[in-house]
Structures are given as C-alpha cells and as structure tokens.
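Here are a few short exercises to work through with the model open on your screen. Try each task by yourself before reading its solution.

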Amino acid sequence: MPERILIVDDEETLRLSMKARLETAGFVAEVAENGEEALGRMKREEFDVVLMDIKMPGMGGIEALRLFNELFPKTDVVMLTGFADFSTAIECLKLGAKDYLVKPVDATELVARLRSLVRSRSSERALQETRRSFLSMLYIDLLGPLRSARESIERVLKSNAKLSGEQREELSNALAQCEKMIARIQDMDEEMKRSGTAEVESSR
Amino acid sequence: MTSEPQRKPLRFAYHFKFQSGMEQKLEIELDPQTLELKQSYPEQKPEWTKLKFSQCENCPLGADVEYCPVALNLSNVVETFQKFNSFEPVHVTVETKERTYSKDTTLQKSLSSVIGIYMVTSNCPIMDKLRPMAQFHLPFASGLETFYRSVSMYLTAQFFLKRQGKQPDWDLKKLVELYKAISIVNKGMAERLRQASDKDANVNAVVILHSLGDGVPYFVEGGLAEVEHLFSVYTKEE
C-alpha cells in the first residue's frame, strides 16, 4: 500500500507542486494549509508522514509538531523551512521531527528523503514484528513449560518424598534456574512495553 | 500582420497595500527591444550581490565579473522587503500598458511574480533563456499557466530556429535541461537572499519560483498530459 503523506504549507503553489511530485513518485499525498487544518485531517485519517512548513499563520509548525508527536506518535514529521536557522533545526529534532529540510527542495531530493524515511519506518516495523514474534515464542514455547517445571519441582520439594540431600540441592538449583529464566522473560516483556512494542503476555 | 517596434519601455507597476495600511510601490521598466531591466544601482552595492558571495554551482561567469547580475537586479526589491514575513496578507495591483491586475494574496506569492521578472532580465547566462517571457508577464500565474507559457515560449524559439535553418528541439529535451539548470540558480539565489534578509518573504518568493520551475520537467516528461485534451480539435484532424 502506498505511503500516505500530509503536506502542510500556507502557500498553495508549494502545496500543489509537492502534492503533484509526490503522487508522481507513487505516494498518496494530501494537503492542509496550516496546523489547525492538518490536525483536523489527522483526527479523521491516518498518515505515515507529515511534511510541514515551520512558519505559517495561525498554528505554526513548531506548535503543530509538539501536538502531533503527542497525539499521533506513529506518524513521522519532517519539517520544512525557507529560513534556515540552526537552533530551530535542533529544536525541531529535539521535539521529535525525523528530518529538517531547507527550502527550496528539489522534487527528486524530497522524494529520496521520503523514501529513505519510509524505508527506515518499514525496517523499524519489521524489527518490532520480529521482537514481538520472538517474545511470543518465548512465552508460548518457553515460559509455559518453565512455569510447569517450576510448579513440579516446588511440589516435589514440598512433598514428603524421600530425597537425599544431594537430590534436594539439585532440585533447588533447578528451581532457582527456572525462577531466573522466568524473571528474565518477564523483564524482556517490560522492556518491550516501555519501547512501545505490543505487550505479549496480555495479547496472548 | 507586423507591428512597429516598441519604443516606449515595457512597464509593470506593482502596488502593494498591506493590512496595516502601509503601501509600497515598485516600478519595473524594461527596454522594449532587449527586455533588459532599466535600473540604477547604488554606488555602494550590497556585499551579498558580489558574485563570489554565494556563487551558484553551475554559474558560467568568471572571476572578471564582480557582481552577480541577478543579485544586482534584485538588490532594490530585496532591501525593500527584507523585514517582511512571507505570509503577510497584501492587496496587490499590477498595472501594465494593456490592463490592470489585482489580487488579495500573500507577500511571498506577489513577490515571486516581481522577482521572476528581475531574474530573467538580468543578463544571467542561464536565466536569460526565459527572458522572452517577460514580454508576456502574467502576475500571480498558477503552476499550469507558468508551465504552458514556458512551453509556448520555447516552442516559438524552436520555430525561429527552424526558420533560420538551425536544428529545432521539438521534443523539448533542452527545455528540461534548462529548467534543471534554473533550479540550481534558484537554489543559489535563495541561499544568497537568506543571508541578505532578516525575514523570509524574499527567500520564499524564490522558493515559489523554484517550485514552479521544478514542475516544468514533470509537465514536459508527462507529455503535457494536463492540457492535451484541450487540443483535440487539432489532434483529431486526419
């Protein structure tokens, strides 16, 4: 499915020319003339990338960037400016913009930068998918059997079975190993939750 | 039908009226034969107009040229609008010999019309190829109007080449190359104006010109598809 790009610029000539160039390159491109209009569109439709001018009347690019990152974290934002300023560029990147382009930008360069961003989004998605299926495999193929083994060992240790001191010690060691592995898998799940990957245990 | 050569200068009078009530006038006069800009420059030319200040990557001018001709032509307009924001709303009236145009627009859009004339009438070896368009200047032109005017101008030039026994370029291949070169000049000029202005009106006017120019190769490479249907009265003929 082609990537959906939202172009936000107060100048109609620029909006329409970028839209035409991006559509020729195979993207789906929509336009908005300021931050408020972009916000309205983003509430109704999903976009992969927002290409946004910094200086616009009404809600400017910086304010919109802050808002979009909070409300639509899955959408990447690329900032555009005609008036290059190093500190603004740094501020945009700190606020979560994925790229910062100084106008005028040739259509070929714009398309190349967007394709590169889209590639990195795809790689990130593939990586998350791999992590998700790896965790899922850990839970289904490893955690379940580990928990069963732990319960069995605990039952044996708590039972009145006649065990030698050496056997009891070996079972205790095995129990500790099980606990350690279970804790490690649960830590990995926590880590995934923190990094935004879907939680595996609850989704099972 | 032939007409007498024009003797009076070609004149475009731009009148900007801002919401604050402030007004600004710009009179552009071109030589009727050469379409060269008639303008006097201050003795102390701004530093940013020097050729070496931010020379375009593809500039063919040598070290013997001290000032960039485009920058020099733009110096008055750039100084006038250097403290303005690009999105400033403005009512613009443009008077020409034949008619008067007016539009409520943004400063960047109207400045792009003005800067367009200054750039193609400056003796820059690259921008000069668009000079005939100044005779048919169309204020506030849309992208499609600009593309059509460019192709029309270029095809007229090919007609004259053919009439002189030279090789015309009916496939518009060199027009695509020309606009790629112009795109580099626009970028170079935007860089120059960024350093010459406090706010972004001047730069963004060039950004608009760049985006229009950047669209011409697509228009041509797409076979002028956007307007082909309008010519069916010709293309359907046996």
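**Exercise 1.** Find how many bridges join β1(A) to β2(A), and in which sense these strands run.

*Solution.* Keep in mind that this is a predicted model. Start with the pair itself: β1(A) and β2(A) run parallel and are joined by 5 bridges. Next, pick out one position, where A:Ile7 stands opposite A:Val31 of β2(A). Finally, look at the surroundings of β1(A), residues 4-8: 4 of its 5 residues are buried, so the strand is largely enclosed by the rest of the structure.

**Exercise 2.** Work out the order of the strands in the open sheet of chain A, and name the edge strands.

*Solution.* The order of the 5 strands is β2-β1-β3-β4-β5, with parallel pairing. At the edges lie β2 (28-32) and β5 (99-102) of chain A, each of which pairs on one side only. Neighbouring strands of this sheet are turned against each other by 20° on average, direction ignored. Now turn to the pairing of β5(A) with β4 (residues 76-81) of chain A: this is parallel too and covers 4 bridges. For a single position to check, A:Met79 has A:Tyr100 in β5(A) as its bridge partner.

**Exercise 3.** Find where α5(A) bends, and by about how much.

*Solution.* First trace helix α5 of chain A, residues 107-158: its 52 residues reach 73 Å from first C-alpha to last, close to the expected 76 Å. Then locate the bend, which is about 35° at A:Leu142; a proline, A:Pro145, follows within four residues. To finish, mark the buried residues of α5(A), among them A:Leu110, A:Leu135 and A:Leu143.

**Exercise 4.** Decide which residues of α4(B) are buried and which on the other side are exposed.

*Solution.* Recall the cut-off: a buried residue has 20 or more other C-beta atoms within 10 Å of its own. In α4(B), B:Gly143, B:Thr146, B:Phe147, B:Ser150 and B:Tyr154 are buried. They cover an arc of only 100° around the axis, which puts them on the same side of α4(B). On the other side, the exposed residues are B:Glu145, B:Thr156, B:Phe159, B:Phe160 and B:Arg163. Next, see what covers the buried residues: the cover includes α1 (12-24) of chain A, along with α5 (173-196) and α6 (201-221) of chain B. Last, step past the end of α4(B) to B:Gly165, which has a positive phi, near 80°.

Conventions: Residues are numbered from 1 along each chain as its sequence is written. Chains are lettered from A and ligands numbered from 1 in the order in which they are written. This is a predicted model: local features need pLDDT of at least 70, side-chain atom pairs count only at pLDDT 80 or more; totals for chains, interfaces and linings use all residues. A residue is buried if 20 or more other C-beta atoms lie within 10 Å of its own, exposed if 12 or fewer, and partly exposed in between; C-beta atoms are placed from the backbone. Helices (H or I, at least four residues) and strands (E, at least two) are DSSP runs, numbered from the N terminus. The arc is that of the directions from the helix axis to the C-beta atoms. Two residues are in contact if their C-beta atoms, placed from the backbone, lie within 7 Å. Two strands pair if DSSP finds at least two bridges between them. Axes are lines fitted to C-alpha atoms, for helices over the stretch in contact, and angles run from 0 to 180 degrees between N-to-C directions. The expected span of a helix is 1.5 Å times one less than its number of residues. The bend at a residue is the angle between axes fitted to the seven residues ending there and the seven starting there.
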